[in-house]
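Work through the exercises below with the sequence and the model at hand. Each task is followed by a solution in steps.

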Amino acid sequence: MPQLTSWRLARTKEIDTIFKIFQRLGTPTEQMWPGITELPYFKPSWPQWPAHCWAQIKNILPQVGAEGADLLDKLTYYDPRRRISAYRALQHPYFNDARRDLGA
């Protein structure tokens, strides 16, 4: 019985995490991620939250600026084909100051 309880707890935490992501980025749609409705665990009954860019999320701009918000948007696209690669992310203008400070 303890294994079943731990599985339920883990599953609840997973769903809570997924829903927190949806609340920030919007519930994924076919427009955001073509083919999502064909994935095995996709549920059309998931709560529907609207999409928000990172710049619209409270306190982000003062912390990371416009370039940081743009990078966060590109890093968190649902569709992996649209998501920025790690290499390209390191080339993003957000890191210009760091590259300048390192003499790169």
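A residue counts as buried when its relative accessible area is under 20%, as exposed when that area is over 50%, and as partly exposed in between. The model used here is predicted.

**Exercise 1. State how many helices and strands the chain has, and what share of its residues is buried.**

Step 1. The secondary structure consists of four helices and zero strands. Along the sequence this gives the pattern α-α-α-α.

Step 2. The chain has 104 residues, and 19% of them count as buried.

Step 3. The exposed surface comes to about 8,000 Å², with 59% of it supplied by carbon and sulfur atoms.

Step 4. Among contacts with a separation of 6 or more, 44% join residues 24 or more positions apart.

**Exercise 2. Find the salt bridges in the structure and classify the partners by accessibility.**

Step 1. Side chains of opposite charge can pair when their charged atoms come close. The cut-off to apply is a side-chain nitrogen of Lys or Arg within 4 Å of a carboxyl oxygen of Asp or Glu. A search of the whole structure returns three such pairs.

Step 2. One pair is aspartate 70 with lysine 74, whose closest N and O atoms lie 3.0 Å apart. Both belong to helix H2 (residues 60-75); because they are four residues apart there, about one helical turn separates them. Aspartate 70 has a relative accessible area of 27% and is partly exposed. Lysine 74, at 30%, is also partly exposed.

Step 3. Another pair is arginine 81 with aspartate 79, with 3.1 Å between the closest N and O atoms. Arginine 81 has 63% relative accessibility, so it counts as exposed. Aspartate 79 has a relative accessible area of 4%, so it is buried. This bridge therefore joins an exposed arginine 81 to a buried aspartate 79.

Step 4. The remaining pair is aspartate 97 with arginine 100, at 2.0 Å from N to O. These residues are three apart in helix H4 (residues 96-102), which means that about one helical turn lies between them. Aspartate 97 is partly exposed at 46%, while arginine 100 is exposed at 55%.

**Exercise 3. Describe the largest pocket and the second largest pocket by volume and lining.**

Step 1. The largest pocket has a volume of about 320 Å³. It is lined by 15 residues, and those closest to its centre are Ile18, Phe22, Tyr41, Phe42 and Trp46.

Step 2. Sorted by class, the lining of the largest pocket holds twelve nonpolar, no polar and three charged residues.

Step 3. The second largest pocket has a volume of about 210 Å³. Its lining includes Leu25, Met32, His52, Trp54, Asp73, Tyr78 and Arg82. Asp79 is also one of the lining residues, and this aspartate 79 is the partner of arginine 81 in a salt bridge.

Step 4. The classes in the lining of the second largest pocket are seven nonpolar, two polar and three charged.

**Exercise 4. Locate phenylalanine 19 and list the residues it touches beyond four places away in sequence.**

Step 1. Phenylalanine 19 lies in helix H1 (residues 2-25). Its relative accessible area is 21%, so it is classed as partly exposed.

Step 2. Leaving out residues up to four places away in sequence, phenylalanine 19 touches Trp46, Pro47 and Trp49. Trp46 also appears among the residues closest to the centre of the largest pocket.

Step 3. Phenylalanine 19 and glutamine 48 are 29 residues apart along the chain, and their C-alpha atoms are separated by 9.6 Å.

Definitions and conventions:
Residues numbered from 1 in each chain as written. Predicted model: local features only at pLDDT ≥ 70, side-chain atom pairs only at ≥ 80, totals over all residues. Heavy atoms only, no water. Helix = DSSP H or I, 4+ residues; strand = E, 2+ residues; numbered from the N terminus. Buried < 20%, exposed > 50% of the residue type's maximum accessible area, 1.4 Å probe, protein only. 1 Å grid on protein atoms, 1.4 Å probe; cavity = no way out; pocket = protein on both sides within 12 Å on 5 of 7 lines; lining within 4 Å. Points joined across faces, edges and corners; volume = space filled by probe spheres on them. Nonpolar A, V, L, I, M, F, W, Y, C, P; charged D, E, K, R; others polar. Contact = heavy atoms within 4.5 Å. Areas by Shrake-Rupley, 256 points an atom, 1.4 Å probe, with all protein chains shown as cover.
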